[in-house]
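Visitor: Please take one part of this model and go through it closely, with the cut-offs stated.

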Amino acid sequence: MSSASAHANEPDQDQITRHSKRVATGQTDARLFGDAQAEAERQLHQTFTNLRFEDFGPAPVKGPIYEAYAGGKIIYFAPQSEHLLFATVYDRDGVNLTALAQEQRTSRRLKAIDPAKALAIGPVDAPTVIEFTDPDCPYCQALDRYWNAKLAEGKPVRRLIFFVSGIHPAAAAKAEHILCSPDREAAFRAVYSGQTPPVLRQCESGHDKVAADAELVAKVGVSGTPTLIADGTLISGFQQAELETFLDRHAKPALAKVATDAPH
């Protein structure tokens with residue numbers, strides 16, 4: 001190789017300077033990131049003193065995070081890194097901020113529901129649940145069996161029924177049949193037990209009620225069945241443990257009253 005060729009392949013001073021700057025910048029960025037991570041870890045331990053953390057490191061989420069609502073649940077979106085977070089957010093005092101936001105949203109949604117327009121099933125003085133249901137939903141049918149079992153145990157509920165008719169093709173016709181029957185509660189129980197009448201009843205009032213329920217479902221944002229609202233809490237799906245808690249909460253005052261009223 002000639003001396004001229006060797007000289008041509010050597011980096012000039014500007015290249016060396018630029019490379020040095022890049023190295024220095026990278027080192028500075030790494031140092032700053034390390035300092036930021038160390039400070040974040042220190043703050044984590046200082047803020048949440050009641051928790052023990054075994055490891056700490058960077059997360060893939062970048063940039064600001066926004067709250068969104070889908071399928072009856074609060075989720076979080078980080079647009080910069082295009083991440084969805086299915087998470088629960090707590091503040092330094094241990095307050096579940098996600099649950100609070102969920103309750104506030106449920107409260108706003110409840111204002112759109114007129115209980116007087118529901119199909120009411122169950123004793124007037126029993127604990128009340130709002131129930132969005134589909135006659136062809138197997139989980140809704142299981143929920144109906146659960147309520148019947150609780151009724152046999154002496155734990156009745158008053159169910160305020162609104163029909164979801166946009167999921168299964170025959171749901172609207174079966175809901176209309178229930179609403180058009182002389183004994184709507186008996187028709188409800190028959191359909192939800194799996195019986196299909198040879199002729200489905202039709203009437204203008206029932207048809208209009210099914211349509212009105214569909215509008216309410218869209219306004220409230222119900223996307224699955226069953227969806228219940230019990231004591232202001234939204235319950236998505238047949239969540240037996242949550243329903244047991246609801247029934248127990250209402251049973252205790254009643255038991256206390258019986259003990260108070262009993263002769264001594």
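**F163 and helix α7**

Guide: F163 has contacts, meaning heavy atoms within 4.5 Å, with L119, T133, P135, A175, I178, L179, F188, Y192, D213, A214 and V217, leaving aside residues up to four places away in sequence. The model is predicted, so local features need pLDDT of at least 70 and side-chain atom pairs count only at pLDDT 80 or more, while totals for chains, interfaces and linings use all residues. Residues are numbered from 1 along each chain as its sequence is written, and side-chain values use heavy atoms, with hydrogens and water left out.

Helix α7 spans residues 204–220; helices are DSSP runs of H or I with at least four residues, strands are runs of E with at least two, and both are numbered from the N terminus. From first C-alpha to last, the 17 residues of α7 reach 24 Å, close to the expected 24 Å, which is 1.5 Å times one less than the number of residues.

Buried in α7 (under 20% relative accessible area with a 1.4 Å probe, protein chains only; exposed is over 50%, partly exposed in between) are G206, K209, V210, D213, L216, V217 and V220. They lie on the same side of α7 because they cover an arc of only 120° around the axis, taken from the directions from the helix axis to the C-beta atoms. On the other side of α7, E204, E215, A218 and K219 are exposed. The cover over the buried residues of α7 includes α3 (97–110), β5 (128–133), β6 and α5. After α7 comes G221, with a positive phi near 90°.
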